[in-house]
Number of protein chains: 2
Amino acid sequence: MNPAYQRLATRFARIATLGEASAMLHWDASAMMPPGGAAARGEQLATLAGLQHELLTAPEVAEDLAAAAAEGEWASANLALMRREHRRATCLPTSLVEATTRANAACEKIWREAKAKADFALVRPALAEVVRLQRESAAALAAATGLAPYDALMDGYQPGIAAADVEPIFTAYETFLAEALPRAEARAAAAPAPLPLPGPFPVAQQRALCREMSERVGLDYDHARLDESLHPFCGGTPTDVRITTFYAEQEVGKALLGVLHETGHALYERGLPEAWARQPVGQAAGMAAHESQSLIIEMQACRSDAFLGFLGRRLHATFGGEAAPYARENLARHWRRVARSFIRVDADELTYPAHVILRFRLERAMIEGRLEVADLPAAWNEGFRALLGIAPPDDAQGCLQDIHWHDGAFGYFPSYTLGAMAAAQLMQAARAAVPGLDAAIAEGDLRPLTAWLREKVHSQGSRLGFQDLLRHATGKPLDPADFMAHLSARYLQ
Amino acid sequence: MNPAYQRLATRFARIATLGEASAMLHWDASAMMPPGGAAARGEQLATLAGLQHELLTAPEVAEDLAAAAAEGEWASANLALMRREHRRATCLPTSLVEATTRANAACEKIWREAKAKADFALVRPALAEVVRLQRESAAALAAATGLAPYDALMDGYQPGIAAADVEPIFTAYETFLAEALPRAEARAAAAPAPLPLPGPFPVAQQRALCREMSERVGLDYDHARLDESLHPFCGGTPTDVRITTFYAEQEVGKALLGVLHETGHALYERGLPEAWARQPVGQAAGMAAHESQSLIIEMQACRSDAFLGFLGRRLHATFGGEAAPYARENLARHWRRVARSFIRVDADELTYPAHVILRFRLERAMIEGRLEVADLPAAWNEGFRALLGIAPPDDAQGCLQDIHWHDGAFGYFPSYTLGAMAAAQLMQAARAAVPGLDAAIAEGDLRPLTAWLREKVHSQGSRLGFQDLLRHATGKPLDPADFMAHLSARYLQ
């Protein structure tokens, strides 16, 4: 490699190391920090982000990027990603970045009150300002990248995916859902009501079981922690991942399936290529790719009949009582229940994409100037009714429910459903490639699956874009047919 | 303030904010981090330290320091401390700093093995290299500060204290101890043997009691955490202090008194002047000052007859069983036991200074070139015998016991005893100034004491040097007479 490339590699490693420090401080803020530490923590994170930005946008970076040359596929991909990060960081004027940070923080704060009061008017002016600035950023990013404005925002979350890729996939899903949802509901209505899971489920036992399950799935606690936070997440760094969950004494499924979901994220981080640690090409391939890894573990593997049978036996052995509630079929009635509902984060696997499709269309329209914030509640309710046949009773259960837009995140929502679809496609390919995959899952052994994921996905870092990663692993780009086939098999037959 | 001063204040705040991030990552490494995170954590801390150093030594800092002017006592003290930090950071060549970091790390690693094997020869070459580099650093610091070489190292831990201040105080203590120790031992021998504290002491109950006691002493858990680590410490930041301890089921005193010790450190951090947060003058006044705050809580207040009576009642109420072992007199026999011993960290209040005096003399001689590393074990054993009349059976219980020298910390040891002496002096002044102080302590209420400490010590930050701080709080500079009077009252009467 030439000296300019070497200097860049050193600089990007330094930037990534500061990012690791931030990641640990973010985890601490959610899982450990006493409330009185919040103000100082905000300063610490802002200082680290400021230094990262300075390192990325220093004048010598542009010179080195112009002079740099890389040999080999990985280094070439790395250099291309460096150029991408630099372009995205330098095309936004500092004044716009600062105005955005302020507007997002102000809006998020008001949103909490507006949501509590189900009063959209309260947050409307602040959200309008957020959208105005997002449009400005999108325009600047579009000019620098050659993408359309909304695509330029999407690209910040999942590189290489544009609205034109998503639109036909989502339209096909809408058609599928219109037919599938009534059938799934009819099938569920004909089945016996689920037996209640007795409880209580003492937190200490839940904690031990969650840890055991995450270990079975492949998480190595020499390089990980499991803690508690209000909103579960996966944070930390590749050699020190930190997952969290939230325990409730009366409910065991939420914490357990949540831990399995975060374990999927954690395994991706753990499996990233060590030789490219702290380089752009050594990072995960984007948010949709990341979500595919949590969902293949949680939704594809762990909510399968095979794993639910195993899990039911472990639950019964742990918490005792009658065996019947822990039977596979009964767990499936609880944890694979299909129902039209207003809240995305509580939605089932079949209707979840409808929540995402609605948001994708609305946020794209807002960025493209076809929808004003004042008209959002009406557009939301109309769109929701068109997709799911019901409309929320108030905006708290409608357009106020998510933090994302109120915190300035536009272009992120599609990642959830792209991830779900990719998970189904990867599972299908793994089944074809790995003999005995489902038999192992039925014994609670996910190692055959995770070994395949490590080879095909995790160890690839960002060498390949989202579509090429899927081609590499499954032989085709994103294809919603596998997801629909999975849903049909699980909910319609 | 002029613009140069303003720029410096902004820069030093940024440096301090990076220091806060480091402090949290250090705490995490000791209290939370899985072992596999160690290598990445090392990189994170090194990167933050490197950025702090770059910010402190950038060319424009020297220009701004030359042009800066400050108004008022606090700002003037702040500017003087900025100049001091800059001088100490810039006078050491980068090559020397790097060689020192490497040599310290290498020596520390070998030391762990040498200590385990009680084999000084193993670590001798590495320690000789550490000492050689410390001499070089001391010479460079001496040239920049006008201090003697060893004083320049001491000044890095406790500004404003030199060997010439310490030498007569330590000599006086040596004389005092020669007479006091046999008397204390005779008195202890004449007393009944202590009743054993029954145990076991379940860890969950110890944890709750430790937290309750630290709250009584004044720690506010909106701004603090209590966790566990192998070596107890106080870390974190002023609005988010993190103290740790280590619980053993069979022993309750060590964790409890350890938590009270760390609470003293934590209260100092919590009480630092908010208006000067992240500025040099807003930091604690040095390591001896810090140790005075942990020891006034642990040794002066909490091991007093008054508090032990209260503590015994709380212990008995918590752990049940017979009342007699928890009587004040019996707890005192356990927790104020005087005995000649080889290990500093286990030493009692009366003999602890002898351990420090020995180290002070030896490390000073090493820095001044009067003692070579090869001669250290013999000098240690001879000095130990002169001070305490016994000699360690091997070097693991002698010159290999502490990490400090093997990690490159020369000039730190005196802080322990200066802190113990300052604690006695401050307690004496607090008793004279605050009516009902001991009566409150007998009720487990330390608020009158900590309120006085907050006003006289904590809120002063680094505005005053160590001696001036004591003058401000007690009307006189460091005077070992108060410490000796305290020891006489506690151990000889």
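These are my notebook entries on a predicted model with chains A and B, taken up topic by topic.

**Entry 1: the relation between the copies**

I began by superposing the two chains, and found that a rotation of 180° with 0.0 Å of shift along its axis brings chain A onto chain B, with an RMSD of 0.0 Å. I noted this as the relation of a two-fold axis. The same surface serves both copies, since I found that 100% of the contact residues of chain A recur in chain B.

**Entry 2: the interface**

I then looked up how many residues meet across the interface, and the count came to 34 residues of chain A in contact with 34 residues of chain B. The size of an interface is often given as the accessible area lost when the parts come together, and I followed that habit here. Chain A and chain B bury about 2700 Å² between them, and 58% of that area is on carbon and sulfur atoms. On the side of chain A, I found that Arg14(A), Met32(A) and Pro34(A) lose the most area to chain B, together accounting for 19% of what that side buries.

For the charged and polar pairs, I recorded 6 salt bridges between chain A and chain B. One that I looked at by name is formed by Asp28(B) with Arg242(A), where the closest N and O atoms are 2.8 Å apart. I also recorded 12 residue pairs in polar contact between the two chains, counting those with both residues at pLDDT 80 or more.

Which elements of chain A supply at least two residues each to the side that touches chain B? I listed the helices α1 (3–31) and α2 (38–57), together with the strands β1 (224–228) and β3 (240–245). Sorted by class, that side of chain A has 14 nonpolar, 9 polar and 11 charged residues.

**Entry 3: the hairpin of chain A**

I went on to strand β3(A), already listed among the elements that touch chain B, and looked up its pairing within chain A. Strand β2 (residues 234–237) is joined to β3(A) by 4 bridges, and the two strands run antiparallel. They form a hairpin with 2 residues between them, and I noted that the bridge partner of Thr237(A) in β3(A) is Asp240(A).

**Entry 4: backbone exceptions**

Most residues other than glycine have a negative phi, and most peptide bonds are trans, so I searched for departures from both. In chain A, a cis peptide bond joins Gly199(A) and Pro200(A), with omega about -5°, and Pro200(A) is found in the loop between α8 (163–190) and α9 (203–217). In chain B, the peptide bond from Gly199(B) to Pro200(B) is cis, with omega near -10°, and Pro200(B) is found in the loop between α8 (163–190) and α9 (203–217) of that chain.

For phi, I noted Ala118(A), a residue other than glycine with a positive value near 50°. Ala118(A) has its place in the loop between α5 (94–117) and α6 (120–145) of chain A.

**Entry 5: Val203(A)**

Lastly I looked at Val203(A), which lies in helix α9 of chain A. Its C-alpha atom and that of Ala178(A) are separated by 40 Å, although the two residues are 25 residues apart along the chain. Leaving aside neighbours within four places in sequence, I found Val203(A) in contact with Tyr247(A) and Glu249(A).

Key: Residues numbered from 1 in each chain as written. Chains lettered and ligands numbered in written order. Predicted model: local features only at pLDDT ≥ 70, side-chain atom pairs only at ≥ 80, totals over all residues. Heavy atoms only, no water. Contact = heavy atoms within 4.5 Å. Buried area = accessible area lost by both parts, 1.4 Å probe. Salt bridge = Lys/Arg side-chain N within 4 Å of Asp/Glu carboxyl O. Polar contact = N/O pair within 3.5 Å; in protein donor to acceptor, adjacent residues only side chain to side chain. Nonpolar A, V, L, I, M, F, W, Y, C, P; charged D, E, K, R; others polar. Pairing = 2+ DSSP bridges. Least-squares fit on C-alpha atoms with pLDDT ≥ 70 in both.
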